[in-house]
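Subject: Structure handover

Hello,

Here is the structure for your own work. My notes on it follow below.

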Amino acid sequence: MEKEEMKHDVFVPELYSELRQSIIKMPSVIQKATGIQIYGKLIKTIIYSMDVAVIANNDADAILAVYPWTPNTRILSAISTVAQVPILAGIGGGLTSGVRSSRLGTFAEEHGAFGVVLNGPCDLDTIRTVNENVDIPIIYTVVNDKRNLQELIDNGVDIFNVAGGKETTDLVRWIRKDFPEFPIMASGGRTDEQILATIDAGANAITYTTYGKTEEYFQEKMEEYRKM
């Protein structure tokens with residue numbers, strides 16, 4: 001007689017200290033994504049923020065550190081000091097390109113980054129130059145359907161980062177049609193429904209934006225203090 005299999009409800013214990021309770025939690029629906037394995041670490045949730053207070057207080061699997069100004073080693077150094085998880089570091093691709101992007105990529109790698117991110121306008125020469133000098137994944141930001149994706153892959157791109165605004169889900173689906181197993185991370189939107197749609201389209205990991213979260217949390221804290 002076969003032993004009856006024991007069934008257990010899935011329960012994940014969560015521990016917080018008295019002083020570390022107000023962290024920014026990623027939407028639980030993102031756990032439905034498959035994730036992307038980078039150096040043995042499974043990454044599903046990626047927080048997009050340049051606020052060091054947010055970067056130091058969240059439960060994301062990785063940090064997306066990109067911004068609209070010229071990439072700066074001091075900024076990356078500051079982020080690497082406070083981040084508790086791997087960083088995916090922006091190294092240009094628009095006005096910043098070529099050897100300069102490669103040097104920034106080398107700096108990011110030396111400071112523990114798990115990947116470097118190149119912007120949509122990036123030319124193939126820059127991708128090749130970075131690929132020749134950096135030994136961590138190259139992440140290319142897809143903003144529309146105008147680029148030859150195979151050409152990007154052939155020149156060194158390892159992951160696509162889809163940031164197409166309202167067209168993001170369609171762009172993920174467009175990529176997945178021709179590249180069924182290629183790693184895709186994508187911005188998921190603000191609601192669970194939008195995030196699920198992006199995952200269903202084929203995204204392996206979701207980027208969650210945290211505009212105004214520091215101010216929002218601080219306002220909540222101040223309201224609590226006023227009631228004391």
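Is Asn58 buried or exposed? Asn58 is buried, at a relative accessible area of 15%, where buried means under 20% relative accessible area, exposed means over 50% and partly exposed lies in between, with a 1.4 Å probe and protein chains only.

Some conventions before the rest. This is a predicted model, in which local features need pLDDT of at least 70 and side-chain atom pairs count only at pLDDT 80 or more, while totals for chains, interfaces and linings use all residues. Residues are numbered from 1 along each chain as its sequence is written, and side-chain values use heavy atoms, with hydrogens and water left out.

Overall

The chain has eight helices and 10 strands; these are DSSP runs numbered from the N terminus, with helices being H or I of at least four residues and strands E of at least two. Of its 228 residues, 45% count as buried. Taking contacts between residues at least 6 apart in sequence, 56% join residues at least 24 apart, where contact means heavy atoms within 4.5 Å.

Asn58 and Thr168

Asn58 sits in the loop between α1 (52-56) and β4 (62-65). The Asn58 side chain reaches two backbone oxygens, that of Val54 at 2.9 Å and that of Ile55 at 3.0 Å. Both pairs are polar contacts, a term for a pair of N or O atoms within 3.5 Å; within protein, one must be able to donate a hydrogen and the other to accept it, and residues adjacent in sequence count only if both atoms are side-chain atoms. Leaving out residues up to four places away in sequence, Asn58 touches Ile23, Ile24, Ile47 and Ile63.

Thr168 is part of helix α6 (residues 168-178). Thr168 is also buried, with a relative accessible area of 3%. The side chain of Thr168 reaches the backbone nitrogen of Gly164 at 2.9 Å, and a polar atom of that side chain lies 2.9 Å from the backbone oxygen of Gly165. Apart from neighbours within four places in sequence, Thr168 is in contact with Val162, Ala163, Ala186, Ser187 and Thr198.

Helix packing

Helix α2 (residues 73-82) packs against helix α3 (residues 98-110) at an angle of about 20°, and their axes are 10 Å apart. Axes here are lines fitted to C-alpha atoms, for helices over the stretch in contact, and angles run from 0 to 180 degrees between N-to-C directions. The angle makes α2 roughly parallel to α3, since angles under 35 degrees count as roughly parallel, over 145 as roughly antiparallel, 65 to 115 as roughly perpendicular and the rest as oblique. The crossing of α2 past α3 is right-handed; that is the case if the near helix is turned clockwise from the far one by less than a right angle, and anticlockwise would be left-handed. On the α2 side the contact is made by Thr73, Leu76 and Ser77, and on the α3 side by Leu104, Phe107 and Ala108. These residues divide into four nonpolar, two polar and no charged. In that division Ala, Val, Leu, Ile, Met, Phe, Trp, Tyr, Cys and Pro count as nonpolar, Asp, Glu, Lys and Arg as charged, and the others, Gly among them, as polar.

α3 also meets helix α4 (residues 124-133), where the axes come within 8 Å and cross at roughly 35°. This crossing is right-handed. The contact involves Gly98, Val99, Ser101, Ser102, Thr106 and Glu109 of α3, with Thr126, Thr129, Val130 and Asn133 of α4. They divide into two nonpolar, seven polar and one charged.

Tyr39, Leu42 and Val52

Most residues other than glycine have a negative phi. Tyr39 is not a glycine, yet has a positive phi of about 50°. Tyr39 is placed in the loop between β1 (36-38) and β2 (41-43), and counts as exposed at 53% relative accessibility.

Leu42 belongs to strand β2 and counts as partly exposed at 37% relative accessibility. Setting aside neighbours within four places in sequence, Leu42 is in contact with Thr34, Gly35, Ile36, Gln37 and Asp61. The C-alpha atoms of Leu42 and Ala62 are separated by 9.6 Å, with the two positions 20 residues apart along the chain counted as their spacing.

Val52 lies in helix α1 and is partly exposed, at 41% relative accessibility. Val52 and Ala83 are 31 residues apart along the chain, and their C-alpha atoms are separated by 7.9 Å.

Regards
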